Amino acid sequence: MSHRYCSASHDGSWISWFLSLPMNEFLCRVPVDYIQDRFNLTGLDAQLGSQLSDALDLVLESEFDTECFQQVETDLDAAAKLYGLIHARYILTARGIDDMCMKYQRGDFGKCPRLYCHSQLMLPVGVSDRFGESHVKLYCARCRDIYQPQAHCAMLDGANFGRSFPHMFFMQLTELLPSPPKEQYTPRIYGFQVHATALMPPERATCSSCSSSSTTTGKALGIRRSKAATKVRPSSGEAIKQRSPMRRFSFTLNQ
């Protein structure tokens with residue numbers, strides 16, 4: 001990951017500088033006391049290894065000088081990855097959800113581009129919980145689909161949020177969960193609804209019509225066969241009653 005280290009202004013801390021970068025607009029500020037709690041860092045050494053200690057010192061740096069660190073990109077990348085991993089955990093807590101709710105209600109994450117979602121606000125989501133596998137996406141809770149964010153945020157790693165965040169968000173804030181869209185676009189030509197087979201390739205449309213007709217024919221034949229089977233296979237009691245008396249009489253004469 002490459003940052004434009006000297007392009008953003010900050011109040012002196014590494015966190016303020018990092019959050020001021022345009023590509024990190026979706027991120028919220030993780031409190032220092034949360035980062036300093038070692039319990040919240042459990043298991044992160046497996047992803048950062050020996051870089052964890054130095055990256056943590058850099059994240060907690062209160063007087064960060066970009067000119068001193070602009071040549072040490074590996075340290076900055078490790079710190080950005082550590083902050084992202086901590087951020088993904090923090091936004092699943094009550095405090096983190098409240099912080100992200102403020103950004104959500106301000107519209108910081110954008111609105112759904114789908115027409116019938118009527119500008120529904122969206123939330124960031126990752127399609128993977130591991131860094132380096134995918135970029136962040138935007139989730140619309142109305143149509144329940146994901147979309148590509150704007151270009152300046154599109155390169156942010158999706159692991160900064162993880163796969164669980166938007167669903168945990170609406171589980172905690174159920175009053176913000178929108179109802180599914182009631183409208184859906186219907187293709188029409190001259191006012192008439194287009195049949196689904198009309199939008200298929202010719203060979204697929206033919207196979208679809210043949211399969212539907214064969215199914216209907218099979219059902220009809222099945223009904224006829226069942227009726228016929230009922231007629232030619234009477235029960236034993238009915239068969240005795242239907243026998244002709246002359247047949248029994250003839251049988252007696254032959255003896």
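**Exercise 1. Is D129 buried, partly exposed or exposed, and what is its relative accessible area?** Work this out on the predicted model above, then describe the salt bridge that D129 makes with R163.

*Solution.*
- Step 1. Start with the cut-offs: buried means under 20% relative accessible area and exposed means over 50%, with partly exposed in between.
- Step 2. D129 has a relative accessible area of 36%, so D129 is partly exposed.
- Step 3. Now turn to the partner. R163 has a relative accessible area of 48% and is therefore partly exposed.
- Step 4. The side chains of R163 and D129 come together in a salt bridge, at 3.1 Å from N to O.
- Step 5. This pair links distant parts of the chain, 34 residues apart: D129 sits in the loop between strand 1 and strand 2, while R163 sits in the loop between strand 3 and helix 8.

**Exercise 2. Find the salt bridge of D108 and decide whether its two residues are buried or exposed.** Then look at the pair R130 and E133.

*Solution.*
- Step 1. The structure holds 5 salt bridges in total.
- Step 2. In one of them, D108 meets K103, with 3.5 Å between the closest N and O atoms.
- Step 3. The relative accessibility of D108 is 18%, so D108 counts as buried.
- Step 4. K103 has a relative accessible area of 10%, so K103 is buried too.
- Step 5. R130 and E133 also meet through their side chains in a salt bridge, at 3.9 Å from N to O. Here R130 is exposed, and E133 is exposed as well.
- Step 6. To finish, follow shared partners: salt bridges join K103, R106 and D108 into one network.

**Exercise 3. What is the strand order of the open sheet, and which strands stand at its edges?** Add the pairings and the helix that packs on the sheet.

*Solution.*
- Step 1. The open sheet has 3 strands in the order 1-2-3, with antiparallel pairing.
- Step 2. Strand 1 and strand 3 (145-147) each have a single partner strand, so they stand at the edges and one side of each has no neighbour in the sheet.
- Step 3. From one strand to the next, the twist averages 40°.
- Step 4. Helix 8 packs on this sheet, where it touches strand 1 and strand 2, and its direction makes about 135° with that of strand 1.
- Step 5. Count the bridges next. Strand 1 and strand 2 pair over 4 bridges in the antiparallel sense, and 3 bridges join strand 2 to strand 3.
- Step 6. Check the register with two pairs: M122 is opposite C140 in strand 2, and L138 is opposite Y147 in strand 3.
- Step 7. Look at the side chains of strand 1: M122 and P124 point one way, L123 and V125 point the other way, and all are buried.

**Exercise 4. Which residues touch the most other members of the largest nonpolar core, and where does this core lie?**

*Solution.*
- Step 1. A general tendency helps here: in soluble globular proteins, nonpolar side chains tend to be buried together.
- Step 2. The largest nonpolar core has 56 residues, and W14, L82, Y83 and F169 touch the most other members.
- Step 3. Elements that supply at least two residues of this core include helix 1 (14-19), helix 7 (94-106), strand 2 (137-140) and helix 8 (165-172).
- Step 4. Helix 6 gives the most to this core, with 9 residues.
- Step 5. Domain 1 (1-90) and domain 2 (96-184) both contribute residues, so the core lies between them.
- Step 6. Zoom in on Y83. Leaving aside residues up to four places away in sequence, Y83 has contacts that include W14, I15, F18, L19, I35 and V59.

Notes. Residues numbered from 1 in each chain as written. Predicted model: local features only at pLDDT ≥ 70, side-chain atom pairs only at ≥ 80, totals over all residues. Heavy atoms only, no water. Core = buried A, V, L, I, M, F, W, Y, C linked by side-chain atoms within 4.5 Å. Buried < 20%, exposed > 50% of the residue type's maximum accessible area, 1.4 Å probe, protein only. Domains from an automatic or database assignment. Contact = heavy atoms within 4.5 Å. Pairing = 2+ DSSP bridges. Axes fitted to C-alpha atoms, helices over the stretch in contact; angles between N-to-C directions. Salt bridge = Lys/Arg side-chain N within 4 Å of Asp/Glu carboxyl O.
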